[in-house]
Each structure stands twice: as C-alpha cells, then as structure tokens.
Amino acid sequence: MSLRAYIAEVICIWISVIVSVAGQLVDNFPTKDVTVVLGGTAQLSCTPTIDGARTTVAWFISPPKGGGDIIIINNQTVLGTLVFVGSEYGSPLVFTNVSRELDGAIVGCRYDNGVTIIVQPQLSRPTVTVLSPPKITSAVTTSSSVEGKTFTFSFSVDGVSDPDFANFIVSKDGEAVSLTGGRFSVDLTSLTISNVNRTDRGNYTITVTTLAGSDSVSFYLNVYYVAEFTEVKRMEEIEEGNTFTFNCTPSAANPPPSSYVFERDGADI
C-alpha cells in the first residue's frame with residue numbers, strides 16, 4: 001500500500017469515528033407515572049442532549065379517551081387543565097389546577113437537534129392519574145347480624161379506583177379496630193366481620209383517606225344471639241278456680257324478637 005493510500009484510509013477511519021461520536025444520544029425522557037390531586041399542580045422534565053449539545057424540546061399529550069396527540073403551546077388549556085412550558089432548554093411541563101379530564105392522559109416528549117427529530121417511545125411515556133377527594137356512602141344506618149354468622153356492611157366509594165391509593169380505618173364506639181389478620185376486613189365496597197359475637201354490637205365508623213382528602217360513613221350493628229337460660233317462675237300451689245300464672249324470662253340481654261310456646265305434659269297449650 002502506498003503512503004498516500006495509507007493516509008487516506010486513516011483519515012477515512014478518523015472521520016467515521018467522529019461521525020459515530022457526534023451521533024451519540026443522551027436522552028432524559030420522563031418515564032415515571034404522575035399522580036396529582038384534583039385541582040393541584042404537577043410537572044415533568046425532559047432534557048435530552050446529542051453529543052453534548054442541547055436540543056429543542058416539545059411536549060404532547062394523548063387524551064385518555066383516544067384521539068391524536070395534542071402538541072403543547074405555552075399557557076394552553078388542555079383537557080380542562082392549564083398547561084405551561086417555558087421556551088428555555090430544560091423548562092418543565094407544568095400542569096396547574098388539574099381537572100378530572102386529565103386523568104388517564106399519556107404525556108410524551110420529543111426533541112430536535114436540527115438534524116433529527118426523536119419522539120419518546122409509546123411504551124415509555126408516563127400516565128397521569130388524577131386523585132379526587134373520596135366520597136363514601138351507604139343507604140344503611142342500622143344493621144343486624146346473628147352471633148356466629150358472617151356480617152357484611154356494603155358501601156360505595158367514589159374518587160378511588162385503586163385500593164393501593166386508599167387507606168381505610170374502622171372504629172367501633174370510638175376505638176380503632178384491627179384490620180390485620182383478624183375477623184375484620186375492608187375493601188372498596190364493604191366491611192366484613194366473620195364469626196360475629198355479641199361484643200361486636202355497637203356504633204361503627206369507616207373512614208377512607210387518600211392524598212386528596214378523606215370521608216367517613218357510620219352505622220349501628222345489633223347482634224342477636226340465642227338465650228342461654230330461661231327462667232320459669234310459677235306458683236307452687238293453687239286452689240281450684242283461681243288464676244295460675246307462668247312468667248318466662250330469657251336471660252340473654254339482647255335476644256332477637258322471640259315467641260313463646262307453653263306445654264302441658266308434652267303438648268302445646
């Protein structure tokens with residue numbers, strides 16, 4: 001190989017290395033999902049570089065109900081939410097006074113170095129979750145159960161779609177009830193008490209709390225149980241023609257509505 005050819009080959013290799021290094025991309029796409037309280041503020045950042053040079057950043061939002069991407073313009077209202085993004089490199093995308101319409105929207109970033117435009121891959125784009133203050137309701141204020149049975153108190157919770165975002169506290173007569181490994185359990189639709197006993201009778205309050213606030217619902221539980229002993233009071237002697245009286249008194253403090261049957265020599269009277 002001649003000296004001229006050798007020099008030309010080295011130059012070619014050197015240029016290839018320069019081109020390879022110049023094309024190196026360092027991205028900083030936002031990938032972590034965003035959770036924000038209704039009416040609150042949230043922001044995302046996207047600061048990519050190509051070969052150490054800053055690039056022009058643009059933002060877009062995919063509506064939760066489908067449709068084309070919405071390109072963000074400064075001080076624009078998108079899905080009922082005011083959106084702000086500065087013109088300087090590294091300026092975050094800021095949501096203020098977040099509305100319910102933004103819940104489930106997908107946010108993405110794209111950038112341009114003057115030669116290439118690169119759009120954030122769909123699967124890596126963060127999703128916005130909007131938390132509304134919870135509202136717990138039930139049509140029942142008084143309920144009852146029988147000792148030894150399983151009792152379920154049903155309710156509905158609005159503003160909470162994922163139980164991981166909610167914390168439940170159950171109290172009876174003002175004292176907290178353990179919800180771990182015991183007879184009591186609660187979820188987004190009901191409170192369940194297994195193997196009900198008579199000491200479960202009382203006033204209950206269920207409180208649900210999220211980052212957006214809390215709400216409560218209360219009810220009274222009455223527990224019925226079988227009388228353990230019945231005392232029959234009678235007169236020992238009576239003269240013919242007089243009145244004879246039996247008094248039948250259950251010993252249980254809180255029996256269900258009862259009926260009484262008297263027998264004489266094994267037959268109902």
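These are my notebook entries on a predicted model, starting with the whole chain and ending at one valine.

**Entry 1: the chain overall**

I started with the totals. The protein chain has 269 residues, and 30% of them count as buried. I looked up the secondary structure next and got one helix and 27 strands. The accessible surface comes to about 16800 Å². Carbon and sulfur atoms hold 52% of that surface. Then I checked how far along the chain the contacts reach. Taking contacts with a separation of 6 or more, 56% are between residues 24 or more positions apart.

**Entry 2: the disulfide**

How many disulfides are there? I count one disulfide. The partners are Cys 46 and Cys 109, with their sulfur atoms 2.0 Å apart. The pair links distant parts of the chain, as the two cysteines are 63 residues apart. Cys 46 is in the loop between β3 (42-44) and β4 (49-50). Cys 109 belongs to strand β11, residues 106-112. I also looked up the handedness: the angle about the S-S bond is -80°, and the link is left-handed.

Are these cysteines buried or exposed? Cys 46 has a relative accessible area of 1%, so I file it as buried. Cys 109 comes out at 0%, so it is buried too.

**Entry 3: a three-stranded sheet**

I moved on to β16, β20 and β21. They form an open sheet in the order β16-β21-β20, with antiparallel pairing. Which strands are at the edges? They are β16 (151-154) and β20 (184-186), each pairing on one side only. From one strand to the next, the twist averages 15°.

I then went through the pairings. β16 and β21 run antiparallel and are joined by four bridges. Between β20 and β21 (residues 190-193) I find three bridges, again antiparallel. The connection from β20 to β21 is a hairpin through three residues.

For single residues, I noted these partners:
- Phe 151 stands opposite Ile 193 in β21.
- Phe 184 also has Ile 193 of β21 as its bridge partner.
- Ser 154 has Ser 190 in β21 as its bridge partner.

Where do the side chains of β16 point? They alternate along the strand. Phe 151 and Phe 153 point to one face and are buried. Thr 152 and Ser 154 point to the other face and are not buried.

**Entry 4: Val 119**

Last, I picked Val 119, which lies in strand β12, residues 117-119. Is this valine buried, exposed or in between? Its relative accessible area is 41%; buried would need under 20% and exposed over 50%, so Val 119 is partly exposed.

What does Val 119 touch? I left aside neighbours within four places in sequence, and the contacts are Phe 29, Phe 60, Cys 109, Arg 110 and Arg 125. Cys 109 caught my eye, being one half of the disulfide with Cys 46. The C-alpha atoms of Val 119 and Cys 109 are separated by 6.4 Å, with the two residues 10 apart along the chain. My note for this spot: Cys 109 is buried, while Val 119, in contact with Cys 109, is partly exposed.

Notes: Residues numbered from 1 in each chain as written. Predicted model: local features only at pLDDT ≥ 70, side-chain atom pairs only at ≥ 80, totals over all residues. Heavy atoms only, no water. Buried < 20%, exposed > 50% of the residue type's maximum accessible area, 1.4 Å probe, protein only. Contact = heavy atoms within 4.5 Å. Areas by Shrake-Rupley, 256 points an atom, 1.4 Å probe, with all protein chains shown as cover. Pairing = 2+ DSSP bridges. Axes fitted to C-alpha atoms, helices over the stretch in contact; angles between N-to-C directions. Disulfide = S-S within 2.5 Å.
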